[in-house]
Amino acid sequence: MAQQPNVEITAAEKPRPKLEPGPAIKWRSNKPGVAQGPDEISGGGYYGTTGPDPGWGLRLLNQVVLPDDDVHFREVIAGLTLARAAALGRAPVREDIEVALALCGYGFEARPEVLERRKHWVDAAAHDTRPGATAVAEVDRDLLVRKSEQIAYALRRS
């Protein structure tokens, strides 16, 4: 449709030569403690290193009948189970619970040192910030990723 002669077009109605507003400027937070990128997010300590789907591991643990009914023993088993799954880079499975029980001296004739260590872990679980943090910190990672039979053999021999 052609322009009507009685209607004037002002400069504001004409097409703009560039987009307004311009592109957004780069924004960075100026608050202390806010991570500016993925490299600034620390791991370990209070942040932990969780594996995928720890909720599934806790659900598996609730379906297993444990040899001890103590809530702190359950926390130790949960911590060791989730730590093993995270070390292997996968979601928790029932074998992780079996390994945690083997680390606590169940499933074989455990030596007194293993039983004392389990008692220490259960006593410390009441004061841990995360479930079973003391047990996870004291277990060697190479031992944690082994199968339960290998752990039982290693704990009987050492």
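Which residues are linked in a network of salt bridges? In this predicted model, the network joins Arg 84, Arg 90 and Asp 96. Two of its members, Arg 84 and Asp 96, belong to the contact between helices α2 and α3 or to its surroundings, as described below.

**Packing of α2 and α3**

Two packed helices are described by the angle between their axes and the distance between the axes. Helix α2 spans residues 71-88 and helix α3 residues 94-103; their axes lie 8 Å apart and form an angle of about 125°. The two helices are therefore oblique to each other, and their crossing is right-handed. On the α2 side, the contact is made by Phe 73, Ile 77, Leu 80, Thr 81, Arg 84 and Ala 85. Helix α3 contributes Glu 95, Asp 96, Ile 97, Val 99, Ala 100, Leu 101 and Leu 103. By character, the contact residues comprise 9 nonpolar, 1 polar and 3 charged.

**Surroundings of α3**

Helix α3 is largely enclosed by the rest of the structure, because 7 of its 10 residues are buried. These are Asp 96, Ile 97, Val 99, Ala 100, Leu 101, Ala 102 and Leu 103. The elements covering them include α1 (54-63), α2, α4 (112-125), α6 (141-144) and α7 (148-157). Just after α3, Gly 105 adopts a positive phi of about 95°.

**Salt bridges**

Side chains of opposite charge can pair when their charged atoms come close. The whole structure contains 5 salt bridges, among them the three tabulated here.

| Pair | Closest N to O distance |
|---|---|
| Asp 96 and Arg 90 | 2.9 Å |
| Glu 95 and Lys 147 | 3.4 Å |
| Lys 119 and Asp 123 | 3.0 Å |

In the pair formed by Asp 96 and Arg 90, Asp 96 is buried, with a relative accessible area of 0%, whereas Arg 90 is partly exposed at 24% relative accessibility.

The salt bridge of Glu 95 with Lys 147 ties together parts that are 52 residues apart in sequence, since Glu 95 lies in helix α3 and Lys 147 in the loop between α6 and α7. Glu 95 is partly exposed at 26% relative accessibility, and Lys 147 is likewise partly exposed, at 41%.

Lys 119 and Asp 123 both lie in helix α4; being 4 residues apart, they are separated by about one helical turn. An α-helix has 3.6 residues a turn, so residues three or four places apart point the same way. Lys 119 is exposed, with a relative accessible area of 53%, while Asp 123 counts as partly exposed at 42%.

Definitions and conventions:
Residues numbered from 1 in each chain as written. Predicted model: local features only at pLDDT ≥ 70, side-chain atom pairs only at ≥ 80, totals over all residues. Heavy atoms only, no water. Axes fitted to C-alpha atoms, helices over the stretch in contact; angles between N-to-C directions. Parallel < 35°, antiparallel > 145°, perpendicular 65-115°, else oblique. Left-handed = near helix turned anticlockwise from the far one by under 90°. Contact = heavy atoms within 4.5 Å. Nonpolar A, V, L, I, M, F, W, Y, C, P; charged D, E, K, R; others polar. Buried < 20%, exposed > 50% of the residue type's maximum accessible area, 1.4 Å probe, protein only. Salt bridge = Lys/Arg side-chain N within 4 Å of Asp/Glu carboxyl O.
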